[in-house]
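Please open the model in your viewer and keep the selection panel at hand, since each stop below begins with something to select.

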Amino acid sequence: MVKFNRFTLDNGLRVIVHEDNTTPMAVVNILYDVGSRDENPEQTGFAHLFEHLMFGGSVNIPNYDGPLQKVGGENNAFTSNDITNYYITLPSANLETAFWLESDRMLNLAFSEESLEVQRKVVIEEFKQRYLNQPYGDVWLRLRPMVYKKHPYLWDTIGKNIEHIADAKIEDVKAFFKKHYNPQNAIMVVGGDVKPEQVKELAQKWFGPIPAGEKYTRNLPQEPQQHEVRREIVTAKVPVNDVYIALQMPGRREDEFYAVELISDILSRGNSSRMYRNLVKDKQLFSEVHAYVFGSLDKGMFVLEGKPTEGVTIEQAEAALWEEVEILKTQEVPADELTKVQNKTESTMIFSEMSLLDKAMNLAYYELLGDANLFNNEIENFLAVTPAQIKEEANKLFRKDNSSTLIYLAE
Amino acid sequence: MIQTERNNMIDRKLAPEFRAIENINLLRPKKKTLANGTEIFCFNSGDQELVRIEWIFNNLRFDPAKPLLNMAVNTMLTDGTGSLTAAEIADKIDFYGAFLSVDYGFEQSLVTLYSLTRHLDKTLPVVKDILTDSIFPQKELETFIRNQQQKLQVSLQKNDVVARRTFNKALYGDTIYGLTADVETYNTLQHDDLLAHYKQMYQPSNCTIIIAGKIEQNALDLLAGTFENGWESQSAAADITQPKVNHAAEHFYFVEKPEALQSAIRMGLPFINREHPDFPAVQVLNTVLGGYFGSRLMNNIREDKGYTYGIGSGITSYKQGGALFIATEVRADVCKAATIEIEKEISLLKIELIPDDELELVRNYMLGSLLGSLENVFSHADKFKNLYFSGLDYAYYDRYTQIVKTVTGDELLKLANRYLNFEEFYKVIVGKY
């Protein structure tokens, strides 16, 4: 049970305070409700590039990192298709430094041409390091546009291509900031060795004066249900073949999400999972095999992946993956097996309470989902799933005409 | 009204006052020695009803003819015992929501159990079984070999992996640290070798147990009882000495990848380890060079030139010696320019005093980072492991914080000249140069 206090400033900034006096540290986590799904299709990768620019100096503070490091703090950030999340950990005695830094960059950035110039280069190198110069590194660049035809999830957070990043202009940066980086579009969680009254006072002092800004109303094209088999084969400089099968699945806020996530656990979580045991250990068809979900806010992706062992054809590999999921469609999962994955989910959530930063990030994310307290009730949603629901969701999910198959063939 | 206006007139250009970190409190363990010689260190703290238990074994002496044994034995511990198949082990652990992992390191191999306290009576016997009765079934061994070979093939396509392997081989040669098994090496693994290695290494006299979490007396009794009874050391003690490290004569290695978009660079030199009195001070030097986001290497090569997504330096400390290294992946056409800049930054440390404001920032950053690394009771146990297996005690961290607070620019300049000798640097490039 993660306890918290919650208040909203007049400008719309939502603030959550979580006291944890077992640590001498504090965390400040700010989630901005903007991700790569909010980008212009002709300027993809922008939300992530923008995240880099948030460290390039703000209107009153030329250097973001230095003053924080000077008080013993550390920070980082990440961008996903749905959100951009910034976080600081620092000794709690120096909490105000975090408020000073974060409020100034929410107020306004410096918009330095020089910073843009450098970060374009840095992000292009990130693109190469993580997506192009790695075996299978481009998988999401290829698979997303197969699964999504209309919804902006069709591009990865890094962007469709390097050109989109290379072409970013300072005017675009300014417009993006104005549209998305304002108090009513943000959720701040302050946690650790802090007091609610102290946080309230600091929030009022540093964030209170920031203008509310304009309200961004999201209106994204939703992805229609898939009714066709999609398939692509690439021959690439990879050492072994690889099979990816992606299926459209319910979004993070749907009731069905919980059953679908447990399906991925039944299939591949841990060494007792079905696919690991049957396909890697017993039949020895794969050297590794995985099933996982992208818990996106809009329609998500369920992915089956496996690297076939030497001598196993692509056809055999694909057939084996489908055979495994077919069992879930026809036979109810035994109660013990369902209990096993539910227990694992429960203990994972208890373990995550050992980390202050994890708690802060989760509170912010669940507040975005609608209510930070959903975090505390989440386990009930998983425990309530029945074998009949698993079977029902498996039948909706595992249809050939809901699948996008991407095959890597070793050159 | 006037009051409100005055409140709003904050000076945003002015940083709030801050306090330097005065002292860092580390939790110390309670120790218990079992009749069979195993030592248990116990860290009791936290609110969650869970524990982490680690069984730590020193690796056996490295045999260049059989370089994979320490790793293979550790990795295959969950693959079957006299009474449980691999599948049954996995079932038991997963059903109780526990996590069981095996981790091979250069010095020690670990078995780690994360378990809800209320399920320890079910999960501990499984660990006991794998530590006392593993059998390394032939079929599992064949699967292990095949899957490891395929994973290695994938890793070898990554420039940073190849650079790290080449670097370690040059610095540490035919020792456990320099180990560079290739795909064929896996075929030399034999069941009988694994079993013999297991029997010598995984015995109580070579085991240290560290338990951390919210620990009630009955949990501790259960742990002690499970591992005290029916687990005896053999007459032959584990040979945990390691051969001496010899560095390669050749200092430059270029592995060409004509189609590389980026080149991996790894350079560095043999270095002092944690036991050396200068170690805390050279960690300050390393932090200035490449040990944090605001480091000189990051500022120059990422934030000024935009050559890379990231660059950093670090110090590895092993029993038989350490290394200071710099690692990055840079745009292929600026690889040479990047190495020149790296060398420039190292030279600067040897000829110019680190400015006071930079040194103050680094001091505070390092102390904040140490404080922040103590997130929960597990991190306190980790700090203890660093000390214990280096043969140090808690005075080390007192000295560390004292030196980080007080080391002067002059001293760092001298240390840079003593330890950063260019003629000793090894340089590895994978990609284009």
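The tour of this predicted model goes from a pair of helices to the contact between two chains and then to a single helix.

Begin in chain A by selecting helix 9 of chain A, residues 257–268, together with helix 15 of chain A, residues 387–397, whose axes come within 9 Å and cross at roughly 85°. Because of that crossing angle, helix 9 of chain A counts as roughly perpendicular to helix 15 of chain A. To see where they meet, show the side chains of Ala259(A), Val260(A), Leu262(A) and Ile263(A) on helix 9 of chain A, and those of Gln389(A), Ile390(A), Glu393(A), Ala394(A) and Leu397(A) on helix 15 of chain A. Sorted by class, this contact has 7 nonpolar, 1 polar and 1 charged residues.

Next, display both chains and select their contact, which takes 58 residues from chain A and 57 residues from chain B. On the side of chain B that touches chain A, the elements giving two or more residues include helix 3 (86–95), strand 5 (108–116), strand 9 (308–318) and strand 10 (321–331) of chain B, while the largest share, 8 residues, comes from helix 12 of chain B. Colouring that side by class will show 25 nonpolar, 19 polar and 13 charged residues.

Finally, select residues 279–290 of chain B, which form helix 9 of chain B and reach 16 Å from the first C-alpha to the last, close to the 16 Å expected at 1.5 Å a residue. Is this helix mostly buried or exposed? Of its 12 residues 11 are buried, so helix 9 of chain B is largely enclosed by the rest of the structure; among the buried ones are Phe279(B), Val282(B), Leu285(B), Asn286(B) and Leu289(B).

Conventions: Residues numbered from 1 in each chain as written. Chains lettered and ligands numbered in written order. Predicted model: local features only at pLDDT ≥ 70, side-chain atom pairs only at ≥ 80, totals over all residues. Axes fitted to C-alpha atoms, helices over the stretch in contact; angles between N-to-C directions. Helix = DSSP H or I, 4+ residues; strand = E, 2+ residues; numbered from the N terminus. Parallel < 35°, antiparallel > 145°, perpendicular 65-115°, else oblique. Contact = placed C-beta atoms within 7 Å. Nonpolar A, V, L, I, M, F, W, Y, C, P; charged D, E, K, R; others polar. Expected span 1.5 Å × (residues − 1). Buried ≥ 20, exposed ≤ 12 C-beta atoms within 10 Å, placed from the backbone.
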